[in-house]
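Biologist: I should like to learn how the features of a model such as this one are read. Please give me the general idea each time, and then the case at hand.

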Amino acid sequence: MRLTKHHGLGNDFLVAVQPDLPANASALAQAVCHRTRGVGADGLIFALRGDPSCSTDVTMVLFNADGGRAEMSGNGIRCLVQAILRQNTVPNVSNAEFRISTDVGVRVVSTQACDDPHILHARVDMGPIGVGPAISRQHVQLNVGNQQVEAQVGTASLGNPHVVLGVSDLEQLDIAVVGPQQSVLAGGSNVEVIAPGPDSQSITMKVWERGVGVTEACGTGACAAAHIAHGWGWVADVVLVCMPGGKVVVELGDTIILGGSVEYIASVEYG
């Protein structure tokens with residue numbers, strides 16, 4: 001099987017462009033995404049034939065590193081587009097547009113070329129924000145170093161569920177500890193912890209992804225975080241989300257637009 005590897009701000013994916021989904025897709029994802037016994041990635045994406053009934057160019061199916069099927073990925077769908085362009089021998093192109101079938105509906109991705117042929121800028125219409133996991137409390141206590149810190153709580157859905165925790169400072173917070181604790185309480189969810197800044201139009205974010213663990217970035221998480229931060233009055237409707245792997249721009253409106261770069265890493269023959 002031929003795979004290409006890409007990352008969006010360190011959130012890395014393997015992409016297989018082929019007509020149909022293999023029967024062993026879940027087990028294959030676990031094997032190929034393993035960091036030491038496989039190629040290594042946060043997820044495996046299958047770029048399958050499009051759906052004529054909704055006029056899509058390609059169908060996206062994503063499995064997380066644990067083999068679970070994920071509803072959506074903002075970084076992953078942009079990596080998928082780069083994989084398709086590379087297969088078509090046009091690795092870096094401006095003004096291309098792709099209609100993509102996903103488990104949560106049709107999403108549209110547009111591209112813009114960069115000087116580096118390995119890097120592609122892509123914007124994706126993530127659709128409208130949805131209702132997240134039902135959580136009765138508006139604040140929780142988090143262990144930060146030797147202290148208890150109160151965090152605001154909000155939830156949202158981009159097809160996949162998100163719990164967003166707002167604090168004043170991320171420095172001492174261990175997302176590897178906080179993430180799984182809050183995910184379990186929410187019935188299984190992605191968890192983002194955010195703080196205001198570094199300026200009035202920005203937020204800073206750490207993320208723990210369901211089925212993966214700590215990642216350097218999360219596209220759907222950035223959208224959920226920007227939406228909730230806007231609701232708290234932290235930011236306006238264009239938000240720079242700063243993550244350990246880099247920055248994305250989120251535009252809030254009737255639908256949410258996610259923009260940022262993705263980078264091609266390598267081609268791999270697996271199996």
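Modeller: Let us begin with secondary structure. Helices (H or I, at least four residues) and strands (E, at least two) are DSSP runs, numbered from the N terminus. By this reading, Gly 231 belongs to helix α4, which covers residues 219–231. The model is a predicted one, in which local features need pLDDT of at least 70 and side-chain atom pairs count only at pLDDT 80 or more, while totals for chains, interfaces and linings use all residues. Residues are numbered from 1 along each chain as its sequence is written, and side-chain values use heavy atoms, with hydrogens and water left out.

Biologist: How many helices and strands does the protein chain have?

Modeller: The protein chain has four helices and 17 strands.

Biologist: What does the radius of gyration tell us about the protein chain?

Modeller: The radius is taken over C-alpha atoms and set against a globule rule, 2.2 Å times the number of residues to the power 0.38. For 271 residues, a compact globule would have a radius near 18 Å, and the 18 Å of the protein chain agrees with this. The C-alpha trace spans about 50 × 40 × 35 Å along its principal axes.

Biologist: How is burial read, and what percentage of the residues in the protein chain is buried?

Modeller: A residue is buried under 20% relative accessible area, exposed over 50%, and partly exposed in between (1.4 Å probe, protein chains only). Buried residues account for 51% of the 271 residues. At the exposed end of the scale, Gly 231 has 64% relative accessibility. The C-alpha atoms of Gly 231 and Asp 66 are 33 Å apart in space, and the two residues are 165 apart in sequence.

Biologist: Is Val 124 buried or exposed?

Modeller: Val 124 counts as buried, at 0% relative accessibility. Its place is in strand β8 (residues 119–125). Contact means heavy atoms within 4.5 Å. Not counting residues up to four places away in sequence, Val 124 touches several residues, among them Gly 74, Ile 77, Val 108 and Ile 257. For the chain, 60% of the contacts between residues at least 6 apart in sequence join residues at least 24 apart.

Biologist: How many salt bridges are there?

Modeller: A salt bridge is a side-chain nitrogen of Lys or Arg within 4 Å of a carboxyl oxygen of Asp or Glu. The count by this rule is seven. In one of them, the side chains of Arg 49 and Asp 20 meet at 3.0 Å, N to O. Arg 49 lies in strand β3 (residues 43–49) and Asp 20 in the loop between β2 (11–17) and α1 (25–33), so this pair ties together parts that are 29 residues apart in sequence. Asp 20 is partly exposed at 45% relative accessibility.

Biologist: Which residue forms a salt bridge with Asp 103?

Modeller: Arg 69 does, with the closest N and O atoms 2.8 Å apart. This pair links distant parts of the chain, Asp 103 in the loop between β6 (97–102) and β7 (105–113) and Arg 69 in strand β5 (residues 69–70), 34 residues apart. Elsewhere, salt bridges that share partners join Lys 5, Asp 12, Arg 35 and Asp 42 into one network. Within it, Asp 42 and Arg 35 meet at 2.9 Å, N to O. Asp 42 is buried at 7% relative accessibility, whereas Arg 35 is partly exposed at 48%.

Biologist: Which side chain of opposite charge is nearest to Glu 192?

Modeller: Here Lys and Arg count as positive and Asp and Glu as negative; His and the chain ends are not counted. The nearest such side chain is Arg 210, 9.9 Å away, and Glu 192 is buried yet has no salt bridge. Glu 192 is in strand β12 (residues 190–196).

Biologist: How should backbone angles be read?

Modeller: Most residues other than glycine have a negative phi, and most peptide bonds are trans. Leu 9, although not a glycine, has a positive phi of about 60 degrees. Leu 9 lies in the loop between β1 (2–8) and β2, and is buried at 10% relative accessible area. Ser 55 likewise has a positive phi, of about 55 degrees; Ser 55 is exposed at 52%.

Biologist: Which residues does a cis peptide bond join?

Modeller: The cis bond joins Gly 197 and Pro 198, with omega about 20 degrees. Pro 198 is in the loop between β12 and β13 (202–209).
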